[in-house]
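User: Could you take a close look at one part of this structure for me? I'd like to hear what it is in touch with and how its aromatic rings are arranged.

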Amino acid sequence: MGDTTIRELVYGKGAHVDPMACVEDINAALATRIAAGYPHSIWQMVEHMNYWMDYEVHRINGHAIPYPDHAIASWPPHPEPAGETEWFATRQRFSKLLDRLASLAESDALDNTVPPDKPDLPPPTVGAIVKQMIAHNSYHVGQIALLRRQFDAWPPQRGGDSW
């Protein structure tokens with residue numbers, strides 16, 4: 001049996017801002033802007049979340065991708081030139097991967113185990129992986145929200161806490 005709360009958290013609920021609302025209304029110029037002293041753009045954060053959601057969906061589907069040797073491998077280089085077409089594709093992929101996590105949250109597979117991605121770890125459940133992805137995304141979407149505030153681009157058109 002699926003878990004409605006997990007599904008709702010995929011799309012943001014309560015203190016968790018809606019990930020798509022946080023990125024859907026910004027253009028490529030803002031998505032690639034780098035804040036002074038900050039290492040990544042919004043675009044890079046979305047691609048980083050895409051990397052890990054894709055990684056975990058493949059693993060859940062039995063098509064394991066090798067675990068990266070270093071964390072930097074899950075961070076893309078800064079996109080230059082930054083075009084609207086490429087930014088649109090990044091957001092579309094983000095939306096589809098969120099939808100896939102939501103589908104998993106609603107499925108009967110939450111208690112199924114998945115082979116661990118490191119040999120010294122116990123096999124996680126699909127539910128545990130989905131929850132980890134929600135936490136990971138929430139962390140980075142919070143960073144995106146802070147960058148948007150710094151760039152005077154908050155709140156998103158669909159809303160977001162601004163107290």
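Analyst: Let's settle one word: a contact means heavy atoms within 4.5 Å. By that yardstick, and leaving out residues up to four places away in sequence, Ile144 touches Cys22, Val23, Ile42, Met45, Val46 and Met49. Keep in mind that this is a predicted model, where local features need pLDDT of at least 70 and side-chain atom pairs pLDDT 80 or more, while totals for chains, interfaces and linings use all residues. Numbering runs from 1 along each chain as its sequence is written, and side-chain values use heavy atoms, without hydrogens or water.

The part to zoom in on is helix α4, residues 42–60. The protein has six helices and zero strands (DSSP runs numbered from the N terminus: H or I of at least four residues for helices, E of at least two for strands). The 19 residues of α4 should span 27 Å (1.5 Å times one less than the residue count), and its end C-alpha atoms are indeed 27 Å apart, so the two agree. Just past the helix, Gly62 has a positive phi of about 85°.

How much of α4 is covered? Of its 19 residues, 16 are buried (under 20% relative accessible area; exposed is over 50%, partly exposed in between, with a 1.4 Å probe and protein chains only). The largest nonpolar core (buried Ala, Val, Leu, Ile, Met, Phe, Trp, Tyr and Cys joined through side-chain atoms within 4.5 Å) has 42 residues, and Val23, Ile42, Val46, Met53, Trp87, Phe94 and Ile144 touch the most other members. At least two residues of this core come from each of α1, α2, α3, α4, α5 and α6.

Now the rings. The whole structure holds five aromatic pairs (Phe, Tyr or Trp rings, the six-membered one for Trp, with centres within 6.5 Å; planes under 30 degrees apart are stacked, over 60 edge-to-face, the rest tilted). Tyr51 and Trp52 have ring centres 5.0 Å apart and planes at 80°, so they sit edge-to-face. Trp52 is buried at 11% relative accessible area, whereas Tyr51 is partly exposed at 25%. Tyr55 and Tyr67 pair edge-to-face too, because their planes are at 75°, with centres 5.9 Å apart. Tyr55 lies in α4 and Tyr67 in the loop between α4 and α5, so this pair ties together parts twelve residues apart in sequence. Tyr55 is buried at 1%, and Tyr67 is partly exposed at 35%. Put together, Tyr51, Trp52, Tyr55 and Tyr67 make one aromatic cluster.
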